[in-house]
Amino acid sequence: MATLATRPDLLLFALRRSRPRTLCARATAAHRVRGAPVPPRATRPRRVFLGLGTAFVDQLAFMASSGVPSRSFVAAARPRQGVSAVEEILKNVEWPDEFPFKPDDFSRFDESSDTVFYSAPRFVTHIDDQAIRALTKYYSQVLPPSNTPGVAILDMCSSWVSHYPPGYGQEKIVGMGMNEDELKKNPVLTEYVVQDLNLNPKLPFEDNTFDVITNVVSVDYLNKPMDVFKEMRRILKPSGLAIMSFSNRCFWTKAISIWTSTGDADHAWIVGAYFHYAGGFEAPEAVDISPNPGQTDPMYIVFSRKKIA
């Protein structure tokens with residue numbers, strides 16, 4: 001029996017026919033802060049499930065399964081009322097046999113040097129205070145207890161703040177980012193590395209080094225995500241935890257094309273795909289920790305653990 005899982009080209013066809021690049025193009029009046037990422041325009045409808053919409057996905061599933069409704073590609077294209085679409089999107093997924101994205105999906109409107117783009121420090125926060133508090137609370141529940149012997153953490157795409165719980169510390173917390181002035185100001189870091197992952201995705205660490213890797217609202221800027229996620233797997237200890245958090249705000253000219261043309265649930269599926277196709281990770285899961293849906297910045301988590309060999 002045919003399944004949606006064998007036809008990712010159909011699911012992405014409409015997405016690649018027209019690639020709108022202006023999803024995050026304008027800030028609302030309340031968020032017009034120089035250097036801060038901007039939210040998508042409120043007037044642009046958020047497209048669900050890789051930009052296709054639930055009705056189309058349901059129809060495609062029906063056709064692809066020879067008239068039998070299919071749940072093979074994702075557990076629920078149309079989530080139950082009151083259930084977050086982001087939390088549903090990675091449940092019971094049967095992934096396509098091949099990586100479903102094309103090179104063009106990782107292109108950006110602005111392909112100029114990221115080193116130049118990030119050369120000036122931006123001492124701003126990239127999500128609002130409510131979303132920050134939600135993320136910090138989540139970290140307080142999942143990070144190893146402060147000052148646990150032998151624990152090492154990598155904050156990837158780091159900046160002047162990591163949003164860890166107040167007073168949190170470990171013997172080794174490494175920040176990797178693009179701006180040295182920002183990294184120097186980050187009080188939680190014990191050391192830092194300045195590196196452009198879009199030029200060099202090879203991580204300068206030994207195998208099995210870190211217990212946790214965090215990445216806050218930056219996974220959407222990676223144009224070589226598979227290289228980066230394979231490196232994350234390499235440097236994580238067995239059962240090590242990788243936490244990718246994201247919202248709906250971005251420097252839209254620097255975010256990858258597949259991100260700026262899709263919606264929040266789609267983003268969770270995309271990040272989940274990175275974990276899956278990198279290999280060596282447990283099934284990724286998605287969590288919606290948005291503090292006030294529709295009123296403040298949303299906050300989403302996709303996480304996975306490195307498999308124990």
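**Entry 1: confidence**

I began with pLDDT, which is the predictor's confidence in each residue, from 0 to 100. It matters here since I am reading a predicted model. Over residues 38–79 I found that pLDDT stays under 50. For that stretch the model still has 108 contacts beyond four places in sequence. I then looked at the whole protein chain and noted a mean pLDDT of 80. In the chain, 74% of residues reach 70 or more. Residues 1–36 have pLDDT below 50. I counted 93 contacts for residues 1–36 in the model, beyond near neighbours in sequence. I remind myself that where pLDDT is low, the predicted coordinates should not be read in detail.

**Entry 2: the whole chain**

I looked up the overall make-up next. The protein chain has nine helices and seven strands. It holds 309 residues, and 55% of them count as buried. I checked the accessible surface of the protein chain, which comes to about 14,100 Å². Carbon and sulfur atoms own 53% of that surface. I also took the contacts with a separation of 6 or more. Of these, 71% are between residues 24 or more positions apart.

**Entry 3: helix α5**

I picked one helix to follow. Helix α5 covers residues 129–142, which makes 14 residues. From its first C-alpha to its last, α5 reaches 20 Å, close to the 20 Å expected at 1.5 Å a residue. Which residues of α5 are buried? I listed A131, I132, A134, L135, T136, Y138 and Y139. I then asked what covers the buried residues of α5. The cover includes β4, β5 and β7, the last at 300–305.

**Entry 4: K254 and D114**

I turned to salt bridges, and the count comes to eleven. One of them joins the side chains of K254 and D114, at 2.8 Å from N to O. Where do the two partners lie? K254 is in the loop between β5 (236–246) and α8 (257–260), while D114 is in helix α4, residues 114–117. They are 140 residues apart, so this pair links distant parts of the chain.

K254 counts as buried because its relative accessibility is 0%. D114 has 5% relative accessibility, so D114 counts as buried. I also saw that K254 and D114 belong to a network of salt bridges. The other residues in it are R108, D110 and E111.

**Entry 5: R234 and its partners**

I moved on to R234. Its side chain meets that of D207 in a salt bridge, at 2.7 Å from N to O. R234 lies in helix α7 (residues 225–235), and D207 lies in the loop between β3 (191–194) and β4 (210–216). The pair therefore ties together parts that are 27 residues apart in sequence. Is R234 buried or exposed? At 17% relative accessibility, R234 counts as buried. D207 counts as partly exposed, because its relative accessibility is 46%.

R234 also forms a salt bridge with E231, at 2.8 Å from N to O. Both residues lie in helix α7, three residues apart, about one turn of the helix. An α-helix has 3.6 residues a turn, so residues three or four places apart point the same way. E231 has 11% relative accessibility, so E231 counts as buried.

Technical notes
Residues numbered from 1 in each chain as written. Heavy atoms only, no water. Salt bridge = Lys/Arg side-chain N within 4 Å of Asp/Glu carboxyl O. Helix = DSSP H or I, 4+ residues; strand = E, 2+ residues; numbered from the N terminus. Buried < 20%, exposed > 50% of the residue type's maximum accessible area, 1.4 Å probe, protein only. Expected span 1.5 Å × (residues − 1). Contact = heavy atoms within 4.5 Å. Areas by Shrake-Rupley, 256 points an atom, 1.4 Å probe, with all protein chains shown as cover.
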